[in-house]
Amino acid sequence: AVGEPATVDGRKLTVSSIERKDSLSEYDKADAGKVYVVANVTIENVSDKVQTYNVFDFRIQTVGGQVLDV
């Protein structure tokens, strides 16, 4: 849920906002029946070691449990 932190593998992740968009620019438009999901996520290292992260570490899971890889 937005604003509710979750700790995974020494990283505390908090989603501060979610926005659904039909387009990201005049060139990036979602296909019919689809939307872009833009999430603002804060990542905090709560371990005692260096942690890396990458945009590809994140995926969307539908209410029905389907994981969408983009």
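A residue is classed as buried when its relative accessible area is under 20%, as exposed when that value is over 50%, and as partly exposed in between. By this criterion K21, with a relative accessible area of 30%, is partly exposed. The structure described here is a predicted model, and the assignments below refer to its sheet, its salt bridges and a nonpolar patch on its surface.

The model contains an open sheet of three strands, arranged in the order β1-β2-β3 with antiparallel pairing. Strands β1 (6-8) and β3 (36-45) occupy the edges; each has a single partner strand, and one side of each therefore has no neighbour in the sheet. On average, neighbouring strands of this sheet are turned by 40 degrees against each other, direction ignored. In general, the strands of a sheet pair through backbone hydrogen bonds, in either a parallel or an antiparallel manner. Here, β1 and β2 (residues 11-21) are joined in the antiparallel sense over three bridges, and T7 stands opposite K12 of β2.

The loop between β1 and β2 includes D9. Most residues other than glycine have a negative phi. D9, although not a glycine, has a positive phi of about 50 degrees. The relative accessible area of D9 is 64%, and because this value is over 50%, the residue is classed as exposed.

Two salt bridges are present in the structure. One of them is formed by the side chains of E44 and K12, with an N to O distance of 3.6 Å. This pair links distant parts of the chain, since E44 belongs to strand β3 and K12 to strand β2, with their positions 32 residues apart in numbering. Both partners are partly exposed: E44 has a relative accessible area of 39%, and K12 has a relative accessibility of 28%. A salt bridge also connects E19 with K21, whose closest N and O atoms are 3.9 Å apart. E19 is partly exposed at 43% relative accessibility, and K21 is likewise partly exposed, at 30%.

A nonpolar surface patch of about 460 Å² is formed by V2, I18, V35, V37, I60 and L68. Of these residues, I60 is located in strand β4 (residues 60-61). The relative accessible area of I60 is 39%, which places this residue in the partly exposed class. Inclusion in such a patch requires a relative accessible area of over 30%, a condition that I60 meets at 39%.

Notes. Residues numbered from 1 in each chain as written. Predicted model: local features only at pLDDT ≥ 70, side-chain atom pairs only at ≥ 80, totals over all residues. Heavy atoms only, no water. Pairing = 2+ DSSP bridges. Helix = DSSP H or I, 4+ residues; strand = E, 2+ residues; numbered from the N terminus. Axes fitted to C-alpha atoms, helices over the stretch in contact; angles between N-to-C directions. Buried < 20%, exposed > 50% of the residue type's maximum accessible area, 1.4 Å probe, protein only. Patch = residues over 30% accessible without salt bridge, like charges linked within 9 Å, V, L, I, M, F, W, Y side chains within 5 Å. Areas by Shrake-Rupley, 256 points an atom, 1.4 Å probe, with all protein chains shown as cover. Salt bridge = Lys/Arg side-chain N within 4 Å of Asp/Glu carboxyl O.
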